[in-house]
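Thank you all for coming; I would like to use these few minutes to go through one model together. Please have the sequence and the structure open while I talk.

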Amino acid sequence: MSDRIPDMDYNADEVIENFKAKFKWPKNDDVNVVIKPKKLGLKLLISCIITLVLSGAVYYMMIPALNFKSSELYMFIIAICAIFFFCFSILIGARRKVEAREYAKKKSVIPIAIAGVLILIMLIGYLCGATIFRAKSYSELMPVSNSDFSEDFKDINYDQVPRLDQQTAKVLADQQLGYLDEYKSQYVVTSDLTQINYKGEPVRVAYLQYADFFKWFNNTKNGLPAYMLIDLVSQKVQVVNCVEKFGEGIKYSPTEYFNEKLIRHLRFQYPFAIMDNPNFEIDDNAHPYWITPVLDKTIGLFGGTDVKGVIITDALGGDSEYYSIDTVKTDKKLNWIDVVYNENLIIEQYNYYGKLSNGFWNSIIFQNDVNIASSGSGNIALDDDVWVYTGVTSIKSDSSNFGFILCNQRTKETRYYKNGGAMEYSAVESAKDAVQNYEYNATFPILLDIENQPTYFMSLYGDGYTIKGYALVNLKDKTLVGTGLVDIQKSDAKALNAAVSNYIDALKDKGVVDENASAEDYKVEEEKTDDKKESEKADDSKSELSKVTGEIKDIKTSVNNGNTVYYLKIKDKYYYIAVNDCMEVLLMNKGDKVSVEFKEAEGDFIKAESVER
């Protein structure tokens, strides 16, 4: 054992303070070492180059409008500042060296200040356009005029009312695409179908989308080969082959990925425009176009969204041309355009009008004469334009409407009708209850005028989305219902006529109309909806028919207007005929040799006038 005794003469307080000092976090005043990095100029230059490249990539993905009224522009600039600061910090070694980190912190004041100023501008811009300060300006975005229901709706032909809504039209388009072997594995039908007037008839048009990335990679070189045209009255679906009709496919669409992606293609052409979602439309020659509304923020910096113009883009070649909204409204050459104001914007602007006409605080506290659009909207054809229809209800979401509006999707002309009654979805439930044994669903209702009574019209459909009948429900009294079913009446026209007859009988029973009211004024001629009319016309023009003879390579079927239609593939084309017009087609099989008579027609699908073995 050592004889040495430890030195116990020490100051305990001094030892404790020295121990604490080892773990003490330095104060800001204690850190004075801020060393300028070596080759600072070169590193700044490299940082700028990297930022420029990465910012280009970010712009390519974000594609913001270079417009001070676009909030995306401010976010893009903030992203550029963040990219530059990150690159600069890495290059000067801020991750490894304390002095470099302190230098980066010191220089970060500039990008942080820029981001702060931009955020402040955005905040001030939002406040300047807030409804609490600008209620009157918001209420004036949509001028609304009172109108007379009976006068405006008297020219709507009962037999030309759309019988399909967007959902049922989409399903029929999907079914039709499934019959086409060359398309069904490569493409799908978009869910965004545009309702337009095509040669005076209500139709919906839908572009195709690539089924997945690999299908895009395999087909993008030639573009989308076709689009779908759905007749909302006859319920027939036509596949318009753009390659055959126009010599090329649709090269520019939202389903592309790079420069051919529509919104990116438009951004490079119009870098300053704030653009709404493009609508797919066709002109009177069936040529496909994209109609892209150009927006303006009319209140404050970001509020009061409205349309100031339209970009019309050739879907095939990509050429675009801009027109002001006044030109679109007045130039008759552009009357084929139907959708400029989308339904969401229309509903938003009407809600501003309904809630804020008497001031912001009234919409919150007193709520005198405050109303909003009801849930759901539909489309009707009127004056060769497409109009959005929606009911008007109180802000407390009553179970009934006290009026409704129509808004022209091309001009934004808005009409208010003081005709109150059941809400749209309440009318749908009444129609479904009337045929509850069949468990049919109903399309979104459309308003008609029957015996000066505002009346909801709906199509009834089953699980396969095939139209099974029609229902009419009175706007004021949803218990007044008339229905007609295709399976019972044996034809589409007879089902329509049965629905109107039953409805008028219900009106008479409750004394809503007098006994002189007659359904004959509203009944449609059966020839207008049955294929028989076409057959009769063909008998008068037999000498004009062409004939093809060959072996049946393939047989497909579909159901249109309650009738089964057979598609016979002969020599690479499909010839279709309804069973009602040729019962013998039921006995035909693949490999049979047949003769088909038809009128001269283009495309892969040709209507047959007769088929014989």
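I will begin with confidence, then turn to a pair of helices, and end with a single proline.

What we are looking at is a predicted model, so let me start with how far the predictor trusts it: the mean pLDDT of the protein is 85, and 89% of its residues reach 70 or more. Confidence is highest in strand β9, residues 288–299, at a mean of 96, and lowest in helix α20, residues 532–539, where the mean is 45. Over residues 25–31 the pLDDT stays under 50, and the model has 2 contacts for them beyond four places in sequence. The stretch 528–543 is also below 50, with 20 contacts in the model beyond near neighbours in sequence.

Now to the helices. Helix α2, residues 40–62, packs with helix α12, residues 262–269, at an angle of about 120°, the axes being 9 Å apart, and that angle makes α2 oblique to α12. On the α2 side the contact is made by Tyr59, Tyr60 and Met61, and on the α12 side by Arg264, Arg267 and Phe268; these residues divide into 4 nonpolar and 2 charged, with no polar ones.

Finally, is Pro278, in the loop between β7 and β8, buried or exposed? Its relative accessibility is 15%, under the 20% cut-off, so Pro278 counts as buried. Leaving aside residues up to four places away in sequence, Pro278 touches Asp192, Leu262, Trp290, Ile291 and Thr292. From Pro278 to Tyr289 the C-alpha separation is 9.6 Å, with their positions 11 residues apart in sequence.

Definitions and conventions
Residues are numbered from 1 along each chain as its sequence is written. This is a predicted model: local features need pLDDT of at least 70, side-chain atom pairs count only at pLDDT 80 or more; totals for chains, interfaces and linings use all residues. Side-chain values use heavy atoms; hydrogens and water are left out. Axes are lines fitted to C-alpha atoms, for helices over the stretch in contact, and angles run from 0 to 180 degrees between N-to-C directions. Helices (H or I, at least four residues) and strands (E, at least two) are DSSP runs, numbered from the N terminus. Angles under 35 degrees count as roughly parallel, over 145 as roughly antiparallel, 65 to 115 as roughly perpendicular and the rest as oblique. Contact means heavy atoms within 4.5 Å. Ala, Val, Leu, Ile, Met, Phe, Trp, Tyr, Cys and Pro count as nonpolar, Asp, Glu, Lys and Arg as charged, and the others, Gly among them, as polar. Buried means under 20% relative accessible area, exposed over 50%, partly exposed in between (1.4 Å probe, protein chains only). pLDDT is the predictor's confidence in each residue, from 0 to 100.
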